[in-house]
Amino acid sequence: MKEQPVSQISRRLIEAELYGELYATMSEQFGKEKALQVITVNLQKSARKAGQSFAASVDTPNLKHFATVVEIWKKDDAIEVADSSIEGSELTVKVVRCRYQESYREMGLPEELCTLLSCSRDEPFAKGYSENLSMVRETTLAEGGDCCPFKFIWG
């Protein structure tokens, strides 16, 4: 993934402001359900493209390299990780604080948009990185869980 001129969280907060305005306009024009659907498709396409870009930064995409993305996600204390480990073909990451979703709420974005902006990018990013990578996450902080227990499985 090429070096960004601003941190990931700074970029996401700028995007969130735009998505908030777009959501309000589209909700008025087409209804909330359609607005959320369009934003979801856009976020997932963007995340998949970012995953592909990150994969292109290494000769052969692999789980060990994919695990380095956690450091990018942590930059500027954007997330707090209690545990991160690779065992065999599984990467587990336990996120116990997420400034993304906290910041979206502080911005006054609608709850349904906060959760969408916080959580809908992760799986498409992994799939963009490699079709060999799948993700399991049973709950999220944005949904009220005590953590985001990510499991990325290579194979």
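What span should the 24 residues of α2 have at 1.5 Å a residue, and how far apart are its end C-alpha atoms? The expected span is 34 Å and the end C-alpha atoms are 34 Å apart, which agrees; the expected span is 1.5 Å times one less than the number of residues. This is a predicted model in which local features need pLDDT of at least 70 and side-chain atom pairs count only at pLDDT 80 or more, while totals for chains, interfaces and linings use all residues. Residues are numbered from 1 along each chain as its sequence is written, and side-chain values use heavy atoms, with hydrogens and water left out. Helices are DSSP runs (H or I, at least four residues) numbered from the N terminus.

**Helix α1**
- For the 23 residues of α1 (residues 8–30), 33 Å is expected at 1.5 Å a residue, and the end C-alpha atoms lie 30 Å apart, which agrees.
- Buried residues (under 20% relative accessible area, 1.4 Å probe, protein chains only) of α1 include Ile9, Arg12, Glu15, Tyr19 and Tyr23.
- The cover over the buried residues of α1 includes α2 (32–55), α4 (69–74), α5 and α6.
- Gly31, just after α1, has a positive phi of about 95°.

**Helix α2**
- Ala35, Ile39, Thr40, Leu43, Ala47, Gly51, Phe54 and Ala55 are the buried residues of α2.
- These buried residues pack against α1, α3 (63–67), α4, α6 and α7 (122–129).

**Packing of α1 with α2**
- The axes, which are lines fitted to C-alpha atoms over the stretch in contact, with angles from 0 to 180 degrees between N-to-C directions, come within 7 Å and cross at roughly 140°.
- That angle makes α1 oblique to α2, a term for angles that are not under 35 degrees (roughly parallel), over 145 (roughly antiparallel) or 65 to 115 (roughly perpendicular).
- The crossing of α1 and α2 is right-handed, meaning that the near helix is turned clockwise from the far one by less than a right angle.
- Contact (heavy atoms within 4.5 Å) involves Tyr19, Tyr23, Met26, Ser27 and Phe30 of α1, and residues of α2 including Ala35, Ile39 and Leu43.
- This contact has nine nonpolar residues (Ala, Val, Leu, Ile, Met, Phe, Trp, Tyr, Cys and Pro), two charged (Asp, Glu, Lys and Arg) and two polar (the others, Gly among them).

**Packing of α5 with α6**
- Helix α5 (residues 99–106) packs on α6 (residues 111–119) at about 155°, with the axes 9 Å apart.
- The two helices are therefore roughly antiparallel.
- Tyr100, Gln101, Tyr104 and Arg105 of α5 make the contact with α6, where Cys114 and Leu117 are among the residues involved.

Conventions:
Buried means under 20% relative accessible area, exposed over 50%, partly exposed in between (1.4 Å probe, protein chains only).
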